[in-house]
Amino acid sequence: MNSIDKIELLGMNMEELENFAASLGQPRFRGRQLHRWIYVKDTSSFYEMSDIPREIRQQLDERARVSIPRVLKQRVASDGTRKFLMEMYDKKRVETVLIPQSANLSGRYTLCVSSQVGCPLRCAFCATGQGVFQRNLYTHEIVGQLLGSRRELKRRLKNPEEPLITNVVFMGMGEPLLNYNEVIRAIRILNDPRGIQLGQRHITISTCGEAAAIKRLAEENLQVTLAISLHAASDQLRNELVPINKKYPLQTLMAAVKTYTEKTGRRVTFEYILLDGVNISRKDAENLAKLVKPLLANVNLIPYNEVDGLNYRKPQPQDVTAFYNWLNAAGLNVSVREEHGVDIEAACGQLAVKPN
Ligand code: SAH
């Protein structure tokens, strides 16, 4: 049996692992043991699963696999941010970024995961959208980004039992809501208290505005945080910057967000990139305030990270402050995103992998 024909255990939830154990004629608790080895211990080799009898380990190795993605390369930024290049079973590659939550490097991390190889959406300013869209990631490849990064991190730490990765944001490559089923399955696995134990509120889905999927998400009974990449408060400008706006114009998008807020009782965040000379005038601030105010939302301003080959520019710090102040004065709950990992091209919108 070649490794492609083997059954992938990573990405299975507890019940599925128990069923898998039963299908081998084993007691269901073997499934619970596998769950712990995979999701608590980050183990991909059956031979290391020491509480499982040797002949069963051998049988598992013949029939199944746990494909934690291989870390091909990693770069560490001066602020401690790490960017991993991860390889999937078919040699496709994505980037995953590990961001320290404080300057104290032994502390906790937020992991920025990818949901697709490339991205089909072609936002005008984003590095990922310049490349070729290749495919959706599977659940195991999404969860595997966490296990692979954590395993790397543990190798470097003295006390590997710490919680380490406490937040996950779907802000890497790809549009998570265009890979809906796999992303939701991944979230439920990340959230399982018997495994990775990430609180739902510590998981953020960032979307460019897939309105139909936002409404669907409202019905999932999840407490995850939703972030909307708005970037423009008029249809004319947003059509240019975020082309999916032609399919779901602002009015449709805002209606979907309103449904989401009402159904879930959760405050959403609007992300707004600041592009010099494009969307940061006083008039832009007024339009933005008018649009967002009725929704009791947060606004997160992201000073643009420049991308090779694109003509958009980062604004001057005083222009960032002015824009912030206008929104603040209009009564919005607004913050400016801290920049991480710019010196290794790991910041928002800088992730790009050449097709192979
Ligand atoms: N497709 C999803 C998630 C990926 S991007 C989405 O659109 O939300 C995560 C955030 O980074 C988005 O708000 C995205 O618009 C923003 N971004 C993209 N390119 C950027 C850049 N060059 N500088 C700063 N932010 C960028």
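**Exercise 1: salt bridges**

Count the salt bridges in this predicted model, then work out which parts of the chain the E8–R65 pair ties together.

*Solution.* Start with the total: the structure holds 21 salt bridges. Now pick out E8 and R65, whose side chains meet with N to O at 3.3 Å. That passes, since the cut-off for a salt bridge is 4 Å. Next, place the two partners: E8 sits in strand 1 (residues 7–8) and R65 in strand 2 (residues 64–65), so the pair links parts that are 57 residues apart in sequence.

**Exercise 2: two domains and their contact**

Find where the chain is divided, then describe how domain 1 and domain 2 meet.

*Solution.* First, the bounds: domain 1 covers 3–65 and domain 2 covers 70–344. Each side brings 16 residues to the contact. As for spacing, the C-alpha centres of the two domains lie 33 Å apart.

Then take the area. The size of an interface is often quoted as the accessible area lost when the parts come together. Here domain 1 and domain 2 bury about 1300 Å² between them, with 54% of it on carbon and sulfur atoms. Who gives up the most on the domain 1 side? That would be L10, Y39 and D42, which together account for 42% of what that side buries.

Last, the charges: there are three salt bridges between domain 1 and domain 2. As for D42, its salt bridge partner is R150, and the closest N and O atoms are 2.4 Å apart.

**Exercise 3: the second largest cavity**

Give the number of cavities of 30 Å³ or more, then say what lines the second largest cavity.

*Solution.* The count comes to two cavities at that threshold. The second largest cavity has a volume of about 40 Å³. Its lining is made of A21, L24, Q26, R30, L34, I52, I56 and L60. Sort these by class and you get six nonpolar, one polar and one charged.

Which helices each supply at least two residues of this lining? Helix 2 (29–39) and helix 3 (54–63) do.

Notes. Residues numbered from 1 in each chain as written. Predicted model: local features only at pLDDT ≥ 70, side-chain atom pairs only at ≥ 80, totals over all residues. Heavy atoms only, no water. 1 Å grid on protein atoms, 1.4 Å probe; cavity = no way out; pocket = protein on both sides within 12 Å on 5 of 7 lines; lining within 4 Å. Points joined across faces, edges and corners; volume = space filled by probe spheres on them. Helix = DSSP H or I, 4+ residues; strand = E, 2+ residues; numbered from the N terminus. Nonpolar A, V, L, I, M, F, W, Y, C, P; charged D, E, K, R; others polar. Domains from an automatic or database assignment. Contact = heavy atoms within 4.5 Å. Buried area = accessible area lost by both parts, 1.4 Å probe.
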